[in-house]
Amino acid sequence: MTVAEMARLPLRHLRRGKVREVYEVSSERLLLVATDRVSAFDVVMAEAIPHKGAVLTQLTAWWLRRLEDDVWHHMVSADVDEIIEAVPELAPHRSALAGRAMLCRRTTPFPVECVVRGYLSGSAWKEYRAHGTLAGERLAEGLRESERFDPAVFSPATKAETGHDENITIARMAEIIGATETAELERLSRRIYERGRAIASERGIIIADTKFEFGRTDEGRITLIDEVLTPDSSRFWPADGYQPGRSQPSFDKQFVRDYLEEIRWNKQPPVPSLPDDVVLKTRDKYLEAYRRITGHELP
Ligand SMILES: Nc1ncnc2c1ncn2[C@@H]1O[C@H](COP(=O)(O)OP(=O)(O)OP(=O)(O)O)[C@@H](O)[C@H]1O
Ligand SMILES: [Mg+2]
């Protein structure tokens, strides 16, 4: 979906994220539209990755259907015909929305990211290597990079409006959103992650870590929102070839990152353009993630 197509939706546009567009449907409903934009090193590339938005939306929908018994979530529908039935003024935009739009229950998001780490990687590895801690809490000694945690570690972060999110302690999270809410979000996050990790591992994918967001509906119901267990909200590693003691290739954006490293981009604008083969290989990886996890092709 191009920016021009976005602007034409007959709904109030509430926010543009790096990847998603959020529209108001009513006081109780939102429309989330995942574009094909891809970001690397926190910068959005000029090229779109075909089908990426549909992969993110349909993979989230797939997980939410499986998690129905575990958690109350925001999805009303990710089927474009059902969405148009509920919001008829979207009918002229059917092809732009197909696959990538999700009609959602509107909530007030908690201003924290609920990160669950099943493996020691990324910013957690950096902190552990430097201080032996994760978000200030001491971990066992002698852990290697990419080592599996059992149980997984709940390590919340603040939602930074700009720049990088900052890891916070669970005590700090309790100060921000309340102790009862913190306990509940931790419980739900662990449960969802453990279910997701088990399902993905049967399919050859390690979900090394992931980020959940929760909100509260007007009736006060704690609700899982946003995207769920996608390659954009999680680190997916191919299970074959997993080896602790080094970093792992990421499943999805590795070709983009490798290319940007190869040309020694200084990570400042302007963004370099991605060659066609990098775009196509990245597209194939997103489609493969969808296929491997769900067991069928993206419709
Ligand atoms: N059911 C919901 N109710 C309220 N807000 C929601 C709901 N689901 C998702 N959101 C919000 O919609 C936004 C989705 O946009 P997106 O993920 O593209 O942007 P972002 O995460 O804010 O920024 P970026 O991804 O660029 O770092 C997020 O701010 C998320 O908190
Ligand atoms: Mg986001």
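**Figure 1. Packing of helices H8 and H9 in the predicted model.** The axes of helix H8 (residues 254-262) and helix H9 (residues 276-294) cross at roughly 150 degrees and come within 8 Å of each other. Angles over 145 degrees count as roughly antiparallel, and H8 is therefore roughly antiparallel to H9. On the H8 side the contact involves Phe255, Val256 and Tyr259, which meet Val278, Lys281, Thr282 and Lys285 of H9. Sorted by class, the residues of this contact comprise 4 nonpolar, 1 polar and 2 charged.

**Figure 2. The cis peptide bond in the loop between H8 and H9.** Pro269 and Pro270 are joined by a cis peptide bond, for which omega is about 0 degrees. Pro270 is placed in the loop between H8 and H9, the two helices whose axes come within 8 Å in Figure 1.

**Figure 3. The cis peptide bond at strand E12.** Here the bond joins Asp150 and Pro151, and omega is about 0 degrees. Pro151 belongs to strand E12, which spans residues 148-154.

**Figure 4. Packing of helices H2 and H7.** Helix H2 (residues 52-66) packs against helix H7 (residues 179-201) at an angle of about 115 degrees, and their axes lie 11 Å apart. Angles of 65 to 115 degrees count as roughly perpendicular, and the two helices, H2 and H7, are therefore described as roughly perpendicular to each other. The crossing in which H2 passes H7 is right-handed. From H2, the residues that make the contact are Trp62, Trp63 and Arg66; from H7, they are Arg195, Gly196, Ile199 and Ala200. The contact of H2 with H7 has 4 nonpolar residues, 1 polar residue and 2 charged residues.

**Figure 5. The largest cavity and its lining.** Searching the whole structure gives 1 cavity of 30 Å³ or more. The largest cavity holds about 70 Å³ of space. Its lining is formed by Arg20, Leu32, Ala34, Leu56, Thr57, Thr60, Arg100, Met102, Asp226 and Glu227. Two elements, strand E3 (29-34) and H2, each give two or more residues to this lining. The largest share comes from H2, which supplies 3 residues. H2 is also the helix that packs with H7 in Figure 4. In terms of class, the lining of the largest cavity consists of 4 nonpolar, 2 polar and 4 charged residues.

**Figure 6. The second largest pocket.** This pocket has a volume of about 180 Å³. A total of 13 residues line the second largest pocket, and those nearest its centre are Glu28, Arg106, Thr217, Asp218 and Glu219. Its lining divides into 8 charged, 4 polar and 1 nonpolar residues.

**Figure 7. Backbone of Phe41 in the loop between strands E4 and E5.** Phe41 is a residue other than glycine with a positive phi, near 50 degrees. The loop that holds Phe41 runs between strand E4 (37-40) and strand E5 (43-48).

Conventions
Residues are numbered from 1 along each chain as its sequence is written. Chains are lettered from A and ligands numbered from 1 in the order in which they are written. This is a predicted model: local features need pLDDT of at least 70, side-chain atom pairs count only at pLDDT 80 or more; totals for chains, interfaces and linings use all residues. Side-chain values use heavy atoms; hydrogens and water are left out. Axes are lines fitted to C-alpha atoms, for helices over the stretch in contact, and angles run from 0 to 180 degrees between N-to-C directions. Angles under 35 degrees count as roughly parallel, over 145 as roughly antiparallel, 65 to 115 as roughly perpendicular and the rest as oblique. A crossing is left-handed if the near helix is turned anticlockwise from the far one by less than a right angle, and right-handed if clockwise. Contact means heavy atoms within 4.5 Å. Ala, Val, Leu, Ile, Met, Phe, Trp, Tyr, Cys and Pro count as nonpolar, Asp, Glu, Lys and Arg as charged, and the others, Gly among them, as polar. On a 1 Å grid over the protein atoms alone, a cavity is a set of points where a 1.4 Å probe fits but cannot get out, and a pocket is an open set with protein on both sides within 12 Å along at least five of seven lines; lining residues have an atom within 4 Å of a point. Grid points are joined across faces, edges and corners, and a volume is the space filled by probe spheres set on the points.
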